[in-house]
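The following paragraphs lead through selected helices and loops of one structure. Please keep the model in view while reading.

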Amino acid sequence: QLATAREAARLVFDNSSVTSKEDPDETQSGVCMPLTWRTLLHLGAVLGATIVRRDIVNAHQTTKMEEYRVTHTPPGRPVRIDGKPALMLWANYLNGMPKAGRGWSKRVHTHLLQFGMHQLIQDPYTYVIVTELGFLWLACVVDDFLIVTQSKGDALLAKFDEDLKRLGQSKQFGIDGFLNYEIGYSVISRQLTLRCTFRIEEIMREHDIDYMDKKMPDTPWHPQIKELRLGEPALKSNKQAKQTYRLMQQINYITCHIRFDAQHASFYQARFASGWTQLLWECVRYTLRYLYGTRQMGLTLGGVGGECMIARARLLTSHAMVDAGIAEDGPSTGGGVIQMGEATLHASSGRHVPVTMASASAEGYELSRQVPIFIHHRYLLEELGCHQERPTAVGCDNSAVVSQVREADSMKRSLYLRRRIKFVSMAEDDGLVRVYKVAGKLNLADILTKVMGPSPFARLRHALLGLESSIQAVAVHSWHVPSKLVGIELENE
């Protein structure tokens, strides 16, 4: 497996070696948004569609590698180039890959339009085609195409593959291995499980190999994480500071894509990246140990569809939750979650810009930050042909904020907050969202905003990652939104 991963590893350029004069033959390649490809995977699993990958051979290897410095010696490459070390970095650690030629994205775009595909407005690197044969959705990751299609005998896919030969020689793959993740599919439950076990194991061997046989922590937060400060003396070793930065980026990549449960710890630590302290190094390594101990866990998408039309309707309906915590110095931390059924398609955690003085202000500010993302996802679903008949239900565990949205014109808060609440109120009037009160213990966004103990953290983590079946999640935790908000009767379930 290690040898295979090395062969498949992509080169990542060190920008410090690139001259200020831009090479006319080089440009950063376009990549679809993670929310988009997670949505495609979820919808494809629910609908029982065919999910495959197509890779254009050597499409982005159009540059002379000798012109750039990278960080480890590439296989078959000289150790030194022009008297300087040639280094290389694995792309399965960082979210990066070689630049493709400037005309590559335009070439792909032109080819797909000629095939009859339509470019989405919400994500310009995603394309759709609907014919009498069926439909085909395509998300571009440079030269790696994620395809979700449904047609009789996969006739539309066969037609696409034949036309793809005009673009270049391509390889055909199953869904497993997309973005170097292990992806398993259950035909019976129509569920996809995304894991990054191998990636986490390799990171652990690199940074903390001596701790691999010891007991791992139950949560991603170091006991002293709240003691991190920017003014503390930096690490004396520049090498250790670089190692801390590298590990932080590796963890951020994982928590942005799949392991949402460790996102708050990862992002909170990133606030102190301007001063590399020993405590920061210990906190980041503590989060890595947690991920290693739970490396078999992954993100579950999809769910049972077709047999139960009620369940299928819920799995194709978008809903969301937001939360904010203010029990910390300075700006508060907010978070939001987008789900379809019990599958989490998006989770984000981040520090607020203003310092809010009350819980309602923090919750209202975060609500206004997340609603545009919810609306974007709603429009994305519409473009994919998944019509949302009702407003997107947005759960908030602060009653005052829900009341403020209903009575935005009479709100007496500061102007910056009044304008934000008014925006949410207008979105409600337009039928795009509907804010409702959710119990605090059922708010999944809680895990993105504050440090938690092992017991409540495990409960929210299982629901956030979809580690339980749909029936268990509804019966035990009631993670679904009120039926009156999504227009679905849930009595039979």
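How far apart are the end C-alpha atoms of helix 10? They lie 36 Å apart, which agrees with the 36 Å that its 25 residues, 359–383, should span at 1.5 Å a residue; the expected span is 1.5 Å times one less than the number of residues. Helices here are DSSP runs of H or I with at least four residues, strands are runs of E with at least two, and both are numbered from the N terminus.

This is a predicted model, in which local features need pLDDT of at least 70 and side-chain atom pairs count only at pLDDT 80 or more, while totals for chains, interfaces and linings use all residues. Residues are numbered from 1 along each chain as its sequence is written, and side-chain values use heavy atoms, with hydrogens and water left out.

Helix 10 has a kink of about 25° at Q370, shortly before the proline P372; the bend is the angle between axes fitted to the seven residues ending at a residue and the seven starting there. Of the 25 residues in helix 10, 18 are buried (under 20% relative accessible area; exposed is over 50%, partly exposed in between, with a 1.4 Å probe and protein chains only). G385, which follows helix 10, has a positive phi near 95°.

Positive phi values also occur at two residues that are not glycines. D154, with phi of about 50°, lies in the loop between strand 9 (144–151) and helix 4 (155–164), and is partly exposed because its relative accessibility is 26%. N180, with phi of about 65°, lies in the loop between strand 10 (170–174) and strand 11 (182–186); its relative accessible area of 40% makes N180 partly exposed.
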